[in-house]
Amino acid sequence: MAMSIQRQHLRALTGLCWFLLLSSLSCARAEGEQTLPHRRFEYKYSFKGPYLVQGDGTVPFWVHTGNAIPSADQIRITPSMKSQKGSVWTKTAPSFENWEIEVTFRVTGRGRIGADGLAIWYTTSQGLDGNVYGAADSWNGVGIFFDSFDNDGKKNNPVILVVGNNGKLLYDHQNDGTTQALASCLRDFRNKPYPVRARITYYKKTMTVMINNGFTPDKEDYEFCAKVDNMILPQQGFFGVSAATGGLADDHDVLSFLTFQLTEPGKETPAPDGEIPKEEKDKYQEEFDNFQQELEKRKDEYNKDHPELKEHPVDDMFESVNDRELRQIFEGQNRIHLEIKQLNRQLDMILDEQRRYVNAVTEEMTKRTATGGNVQQASQQELETLLSSQREVFKHVSEMRNSMSETLRLASGNAGGAAGYENTQHFNDIKEHLHLVKRDIESLVQKNLVPHEKQKCPEIPVPSCLSTAHFFIFVAVQSLLFIGYIMYKSQQEAAAKKFF
């Protein structure tokens with residue numbers, strides 16, 4: 001009876017704990033949903049491909065300077081050339097209390113290290129030119145720096161820095177800005193398979209930097225990088241991106257720059273800037289609908305005229321150079337991994353076999369010692385068995401060496417690309433020809449080593465002699481032919497003289 005009462009109390013306490021846990025989780029979830037800010041996309045402070053550039057080469061609502069090169073799907077802030085500077089800035093300065101930006105970019109180069117880096121800005125003025133990653137020094141605001149080159153030699157690059165400035169400080173280039181950084185994190189953002197994404201949020205005087213490292217195609221795979229509390233930024237500022245190269249060079253490409261205005265829960269959402277009258281809005285909407293219909297009509301006509309493109313899209317038929325190189329690298333790594341696994345299995349088999357042979361020999365020695373026999377008087381058959389086992393071990397070791405050589409050849413072939421593959425094929429052909437020559441030489445040597453037998457010279461058949469009558473007939477026929485040829489030639493010459 002007492003046990004049943006205790007069990008009932010235990011069940012009641014367990015149910016109460018589960019109820020409190022679920023209620024706390026639901027409260028936390030409801031509180032989290034209530035504290036999420038409202039996000040509104042601001043197209044005047046954003047850009048994204050395709051059709052990024054207008055006919056005159058400009059980007060709507062943005063201005064680019066220096067060596068920046070806008071294209072249809074991205075803006076190349078600096079090309080991979082030495083001593084290049086470029087930047088892109090918003091034409092107007094928004095006045096957002098809270099904001100969030102998402103920047104998608106690539107930093108690619110052929111070298112193991114690159115320079116100098118890329119910067120994302122929010123400042124009171126446009127830093128169109130300068131020495132801080134292609135932008136002006138002594139800025140008033142904040143800069144998020146993606147530093148590629150290790151100036152201080154501490155081997156702490158590539159690094160991401162959050163550096164604030166009130167317009168009076170000069171950037172510390174020699175120490176990579178570490179003495180002025182409010183927060184930082186070590187992230188390698190160069191030469192990644194997919195574009196790198198940075199999400200920078202300024203909400204309730206707290207700046208948070210999240211990074212998508214570019215290893216997966218998942219656009220929401222962000223990880224924490226840096227956070228700065230109690231940061232006071234100007235109420236109005238320009239957004240911008242700049243980059244620079246030095247003795248080393250990288251391509252700094254920005255694929256998109258998306259800006260969102262954040263509004264705290266419970267506050268009224270601000271009205272859009274420059275609200276147009278309803279009549280003009282209806283007019284623009286009608287023009288847009290007509291344009292959409294015309295566009296769909298032209299698409300249908302084009303698909304009817306070109307059915308082969310619809311069945312086989314060009315983008316799906318071919319792969320780019322970067323995709324091919326990445327595929328070759330991944331395939332090479334996969335082969336190396338499989339070869340290493342195979343080597344590990346072979347090594348385990350060899351070790352097990354060797355251990356079994358050692359145990360067998362040890363047991364045999366122990367038995368002979370216990371019976372008073374002499375260990376040195378082992379039979380010839382046991383010694384032959386031991387020697388054969390050792391030969392098998394050496395055979396497995398040689399197979400492992402050959403497998404490792406093949407693995408290294410595959411790795412060098414993948415790193416070298418098409419030229420490495422052609423060289424490998426050339427060397428393989430040469431090796432086959434050398435084997436053939438070696439085999440022919442060995443066969444000749446073996447023939448020369450065999451004792452020579454006495455060989456008889458081949459008998460030359462002696463032709464039978466002609467008779468005298470046949471000989472005279474043959475001479476007479478030849479004489480007649482010769483006389484006839486001379487007469488024919490003299491007649492031809494006489495006929496030719498008539499023309500002179």
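Trainee: What makes the contact between the side chains of Arg298 and Glu294 a salt bridge?

Mentor: Good place to start, and keep in mind that this is a predicted model. The N to O distance for Arg298 and Glu294 is 3.5 Å. A side-chain nitrogen of Lys or Arg has to be within 4 Å of a carboxyl oxygen of Asp or Glu, so the pair qualifies. Both residues lie in helix α2, 4 residues apart, which is about one turn of the helix.

Trainee: Why is Arg298 called exposed?

Mentor: Its relative accessible area is 56%, and exposed means over 50%, so the label fits.

Trainee: And why is Glu294 called partly exposed?

Mentor: Glu294 has 38% relative accessible area. That value falls between the 20% limit for buried and the 50% limit for exposed, so Glu294 gets the middle label.

Trainee: What makes Glu331 and Arg327 a salt bridge?

Mentor: The closest N and O atoms of Glu331 and Arg327 are 3.3 Å apart, and the limit is 4 Å, so the pair counts. These two share helix α5 (residues 321-370) and sit 4 residues apart, about one turn of the helix. Glu331 has 36% relative accessible area and Arg327 has 35%, so both are partly exposed under the 20% and 50% limits.

Trainee: Which parts of the chain does the salt bridge of Glu220 and Arg199 link?

Mentor: First the check: the closest N and O atoms of Glu220 and Arg199 are 3.0 Å apart, so the pair meets the 4 Å limit. Glu220 is in the loop between β13 (206-212) and β14, while Arg199 is in strand β12 (residues 196-203). The two are 21 residues apart, and the pair links distant parts of the chain. Glu220 itself has 53% relative accessible area, over the 50% limit, so Glu220 is exposed.

Trainee: Which residues are linked in a network of salt bridges?

Mentor: Arg39, Glu100, Glu102, Arg199 and Glu220 are. The structure holds 12 salt bridges.

Trainee: Let's turn to sulfur. How do you know that Cys185 and Cys225 form a disulfide?

Mentor: Their sulfur atoms are 1.8 Å apart. A disulfide needs two cysteine sulfur atoms within 2.5 Å, so Cys185 and Cys225 pass. A search of the whole structure finds 1 disulfide.

Trainee: Why is the disulfide of Cys185 and Cys225 left-handed or right-handed?

Mentor: The torsion about the S-S bond is about -75°, so the disulfide is left-handed. Cys185 belongs to strand β11 (residues 181-186) and Cys225 to strand β14 (residues 223-228), 40 residues apart, and the pair links distant parts of the chain. Both cysteines are buried, which means that each has under 20% relative accessible area.

Trainee: What makes Phe482, Ile483, Tyr485, Ile486 and Met487 a nonpolar patch?

Mentor: Membership needs over 30% relative accessible area, with nonpolar side chains joined within 5 Å. Take Phe482, found in helix α8 (residues 468-497). Its relative accessibility is 53%, over the 30% limit, so Phe482 satisfies that condition. The five residues have about 550 Å² of accessible area together.

Trainee: Which residues form the negative surface patch?

Mentor: Glu296, Asp300, Glu301 and Asp305 do, and Asp and Glu count as negative, so the name follows. Glu301, in helix α2 (residues 278-305), has 41% relative accessible area, over the 30% limit, so Glu301 meets the accessibility condition for a patch.

Trainee: Now the backbone. Where is the cis peptide bond with omega near 0°?

Mentor: That bond runs from Gly49 to Pro50, and Pro50 lies in the loop between β2 (47-48) and β3 (62-66). The peptide bond from Ala115 to Asp116 is also cis, with omega near -15°. Asp116 is in the loop between β7 (99-108) and β8 (117-123).

Trainee: What is phi of Asn191 near?

Mentor: Phi of Asn191 is near 55°, a positive value in a residue other than glycine. Asn191 is placed in the loop between β11 and β12. Lys205, in the loop between β12 and β13, has a positive phi too, near 60°. With 49% relative accessible area, Lys205 is not over the 50% limit, so Lys205 counts as partly exposed.

Methods:
Residues are numbered from 1 along each chain as its sequence is written. This is a predicted model: local features need pLDDT of at least 70, side-chain atom pairs count only at pLDDT 80 or more; totals for chains, interfaces and linings use all residues. Side-chain values use heavy atoms; hydrogens and water are left out. Patches are made of residues with over 30% relative accessible area and no salt bridge: like charges are joined within 9 Å, nonpolar side chains (Val, Leu, Ile, Met, Phe, Trp, Tyr) within 5 Å. Accessible areas come from the Shrake-Rupley method with a 1.4 Å probe; for residues, only the protein chains shown count as cover. The place of a charge is taken as NZ of Lys, CZ of Arg, CG of Asp or CD of Glu. Buried means under 20% relative accessible area, exposed over 50%, partly exposed in between (1.4 Å probe, protein chains only).
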